[in-house]
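Biologist: I would like to learn how to read pockets, ring pairs and charged contacts in a model such as this one. Could we go through it slowly, with the general idea before each case?

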Amino acid sequence: MFAYLFRRLLYALPILLGVNIITFALFFVVNTPDDMARMQLGTKRVTPEAIERWKADRGYDKPLFFNESASGAQALTDTVFFDKSIRMFAFDFGRAEDGRDIAREIRMRMGPSLAIAIPTFILGLVASVSFALMLVFFRATPLDFWGVVICVAMMSISSLFYIIGGQWLISKVWHLVPISGYDGGLDAPRFLILPVLLGVISGIGSSTRWYRTIFLEEISRDYVRTARAKGLSERVVLFRHVLKNAMIPILTGVVVVIPMLFMGSLIIESFFGIPGLGSYTIDAIQSQDFAVVRAMVFIGSVLYIIGLMATDVSYTFVDPRVRLQ
């Protein structure tokens, strides 16, 4: 297993390098260093000298990928890409265009993001799996039919509707929790209840339908018929055998949201004014802060690779037939 994980880590290096190159190229296709300087300095009364000085102070006065005026290895190392992107492999994210330390900002904003993402993830997973199991248990009944109808209706509605409707009803009409904002310590739950609740509700329709499909596929297999032939009750068959054998596709789906646990929910954090990593990324995109954007994309890629490796390892625990080679 360790040899397998070591190989996966080696494979991750070219993947991360490719992600860096694509992110860098896409950003500078739509923006030039001059555009970034004007955005940071303001669009009015900006002299060419001020733009050149801003670019020189931040290292954007060099060529992007290849320095024709340099010789040897410096043709590749004396470039914006090498200065700004390669250092991230040592998790040195540098400073944002406004001078703030990116690593410090990430540490400060990690808490609020995880405070929303982890409860939303756990509660959403438990609710979706439980609801799907109930629908499968009562399959081919009116309860199953109307449950699917409700799921389709919920997944057809935009998450913006849940957010705006929840803020209006629960905060503005009922005055149960603050409509937006964030505070640490004991006051934090007052600001987190509504975002977490709306995050769970907005995702439960699509998740339940997906898990229901997985369970229905498992329940038609031979081992289920064998279990029923042994006289086991439908509840025991469903919860002891079907749920256990459906863990691999469930784990595969769970890994997709692992990067979001760290990055936070972009829309929810922006609507509720929560100073997490999601709103940090949105603000960086709006201000064309390339340093922050590339750092967040890099972190997301690393977390996704780690999540895939953790999923592979978890397969060996839920299915003894799986061997990592």
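Modeller: Let us begin with the largest pocket, where helix α9 gives nine residues, the largest share of the lining. Helices here are DSSP runs of H or I with at least four residues, strands are runs of E with at least two, and both are numbered from the N terminus. The model is predicted, and therefore local features need pLDDT of at least 70 and side-chain atom pairs pLDDT 80 or more, while totals for chains, interfaces and linings use all residues. Residues are numbered from 1 along each chain as its sequence is written, and side-chain values use heavy atoms, without hydrogens and water.

Biologist: Which helices each supply at least two residues of the lining of the largest pocket?

Modeller: In general, rolling a probe the size of a water molecule over the atoms shows where empty space is left. A pocket is an open set of points, on a 1 Å grid over the protein atoms alone, where a 1.4 Å probe fits, with protein on both sides within 12 Å along at least five of seven lines, and its lining residues have an atom within 4 Å of a point. In this model, α6 (102–137), α8 (159–173), α9 (188–219), α12 (247–254), α13 (258–263) and α14 (266–272) each supply at least two residues of the lining of the largest pocket. This lining comprises 28 residues, and Thr-120, Phe-121, Gly-199, Gly-203 and Val-257 are those that lie nearest the centre of the pocket. The volume of the largest pocket is about 710 Å³, counted as the space filled by probe spheres set on the grid points, which are joined across faces, edges and corners.

Biologist: How many residues of that lining are nonpolar, polar or charged?

Modeller: The lining of the largest pocket holds 17 nonpolar residues, 11 polar ones and no charged ones, where Ala, Val, Leu, Ile, Met, Phe, Trp, Tyr, Cys and Pro count as nonpolar, Asp, Glu, Lys and Arg as charged, and the others, Gly among them, as polar. Gly-199 also has a link to a residue distant in sequence, for Tyr-162 is 37 residues away along the chain, yet the two C-alpha atoms are 8.5 Å apart in space. Tyr-162 belongs to helix α8.

Biologist: What is the volume of the second largest pocket, and how is its lining divided?

Modeller: The second largest pocket has a volume of about 200 Å³. It is lined by 13 residues, with Arg-58, Lys-84, Arg-87, Gly-94 and Arg-95 closest to the centre. Seven residues of the lining of this second largest pocket are charged, four are nonpolar and two are polar, and α5 and α16 (290–318) each supply at least two of its lining residues.

Biologist: Turning to the aromatic rings, how many pairs are there in the count?

Modeller: A pair of aromatic rings is described by the distance of the centres and the angle of the planes. Rings of Phe, Tyr and Trp (its six-membered ring) pair if their centres lie within 6.5 Å, and the planes are stacked under 30 degrees, edge-to-face over 60 and tilted otherwise. The count here comes to 17 aromatic pairs. In one of them, the rings of Phe-65 and Phe-81 have centres 5.3 Å apart and planes at 40°, so the pair is tilted. Phe-65 lies in the loop between α3 (48–58) and α4 (74–77), and Phe-81 in helix α5 (residues 80–85), so their contact ties together parts 16 residues apart in sequence. Both rings belong to one aromatic cluster, together with Phe-24, Phe-27, Phe-28, Trp-54, Tyr-60 and Phe-290.

Biologist: Is Phe-81 buried or exposed?

Modeller: Phe-81 is buried, at 11% relative accessibility, since buried means under 20% relative accessible area, exposed over 50%, and partly exposed in between (1.4 Å probe, protein chains only). Phe-65, by contrast, is partly exposed at 37%.

Biologist: Finally, how many salt bridges does a search of the whole structure find?

Modeller: The search finds 13 salt bridges, each being a side-chain nitrogen of Lys or Arg within 4 Å of a carboxyl oxygen of Asp or Glu. One joins Glu-52 to Lys-55, with the closest N and O atoms 3.5 Å apart, and these two residues, three apart in helix α3, are separated by about one helical turn. Glu-52 is partly exposed at 43% relative accessibility, whereas Lys-55 is buried at 10%. Another joins Lys-62 and Asp-78, at 3.2 Å from N to O. Lys-62 lies in the loop between α3 and α4 and Asp-78 in the loop between α4 and α5, so this bridge ties together parts that are 16 residues apart in sequence. Salt bridges with shared partners also join Asp-34, Glu-52 and Lys-55 into one network.
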